[in-house]
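Trainee: Could you take me through one part of this fold in detail? I'd like to go strand by strand.

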Amino acid sequence: MNNTYLDNPQASPDEINKEVYFSNKSRILLIGMGADIGSNILYLSATTNVEFPVTDVLTRHIESEGLGVADRDPLDELKARLLLANPQLFGRITTNSRDCSLAIDNRSFRVHFRDLDQDITDLGHFDLAILATSRRHIRSQSHLEKLESIARVVVGVAENSDIPALYPALINADPQHFLTSSVASSADISGSYAMGSCQCVGWTTGLRILADCCSYRGVSLQEFLIHSEVDIVHPDTASSNFGTKRIGSRTEDPRDNLRPGVSQVAESMLRFAPATSSNNVSLRVLTQPPGYQIQRFFLRGLDISVQELLNAARALESKEPSLIHVTTSSIGSRAYSDLPSGFILLATEQHLSIKRIGDIIEVVLQAFVHNTLGYCATILSAVDHILSSEALTLVNSHNSSLIKEKT
């Protein structure tokens, strides 16, 4: 590794060689550090056993405002975002304006204040970049190409149906279960991939449970799955914009207000043809994470039991604790707000059930889906899989010609 970049040119060569830039460590770039996703990714990189933690942050320069503005700089504003995301970090965050770095406990991160529309080639090369700014950037070919020029792999924490997906729940699943899937070596992949939204992670985790059930039977899920449905209750997060200036999906007055909307999961579900799909309900409410999700899978000709589903879910939990947590305690969502797991499956008879109608069975799964902390844990786990020299299952775009070719 021969590239380092400091936004502060006053830094000395000794400072350049601090722990952030050990030559034998992978460089992971986080683009975007909002109070929802970016801050939690950084927090987990510093405080959990992540094999490939974030090393650098690229984010826009933050203008200070309000009381005490003269005593704050952009690093202080990032510190504030971290504290809003995780108040338990109070007293554990330090900043260094000389080398433009921020540290949580003993883990230091180099911060590059730059707009993504500016030139970024002088940042050097990264093994992987996590794009966590907005759906606009993740769905912009020009922005993805810009990031690909400095990173071997770019993953977007949202859905983009025009590029392949590396869904955290399916990244190490058996590809035989999904018609539009393919397998690649982590050493060989490059370019941009979608990881889907938090709701995509939730839905594909339910899909993974069914796929693993089929693996135990020695059959392929795609032969039996004919339709799936998802209903969502999504908490509003710090990036939402409440107000009364206009009426819109993200700007309505929150008082006594359930706001129907749409979810990125609808795009994700289209990747799994020939089964049809529907996102029937997507409510956004003024409450704290995690949210809630009801999944319905309709299968023809496959008779499975609740116990088989539970066995598959618990086996997956033992392998991927950041992805799924299985519980029989259906208490309020707040109890799971600090759990770094993306999908908290409710394993009670009232919430997990199977209904049979002729040769069709309906599998109903219900879970808390964590749209901040737990979601970020699944993203970092997926990054570890991508960079750990193993086979990866990719899910391609929904494309009728591709489906015809594989049929």
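In which sense do strand 4 and strand 5 pair, and over how many bridges?

Mentor: Keep in mind that this is a predicted model. Strand 4 (residues 101-104) and strand 5 (residues 107-113) are antiparallel partners, joined over four bridges. If you want one pair to find on screen, take Leu 102, whose bridge partner in strand 5 is Phe 109. The two strands make a hairpin with two residues between them, and Asp 105 in that turn has a positive phi of about 55 degrees.

Now look at the other neighbour. Strand 3 also runs antiparallel to strand 4, again with four bridges, and here Asn 96 stands opposite Ser 101 of strand 4. This hairpin has four residues between the strands, with Cys 100 at a positive phi near 50 degrees.

What about the side chains of strand 4? In a regular strand they alternate between the two faces of the sheet. Here, Ser 101 and Ala 103 point one way, Leu 102 and Ile 104 point the other way, and all of them are buried.

Zoom out and you'll see these strands in an open sheet of eight, ordered 3-4-5-2-1-6-7-9 with mixed pairing. Strand 3 (93-96) and strand 9 (191-194) each have a single partner strand, so each has one side left without a neighbour in the sheet. On average, neighbouring strands are turned by 25 degrees against each other, ignoring direction.

Elsewhere on the sheet, helix 5 (residues 141-148) lies across strands 1, 6, 7 and 9, at about 140 degrees to strand 7. Helix 9 (residues 373-386) packs on the sheet too, touching strand 6 and strand 7.

Technical notes:
Residues numbered from 1 in each chain as written. Predicted model: local features only at pLDDT ≥ 70, side-chain atom pairs only at ≥ 80, totals over all residues. Heavy atoms only, no water. Pairing = 2+ DSSP bridges. Axes fitted to C-alpha atoms, helices over the stretch in contact; angles between N-to-C directions. Contact = heavy atoms within 4.5 Å. Buried < 20%, exposed > 50% of the residue type's maximum accessible area, 1.4 Å probe, protein only.
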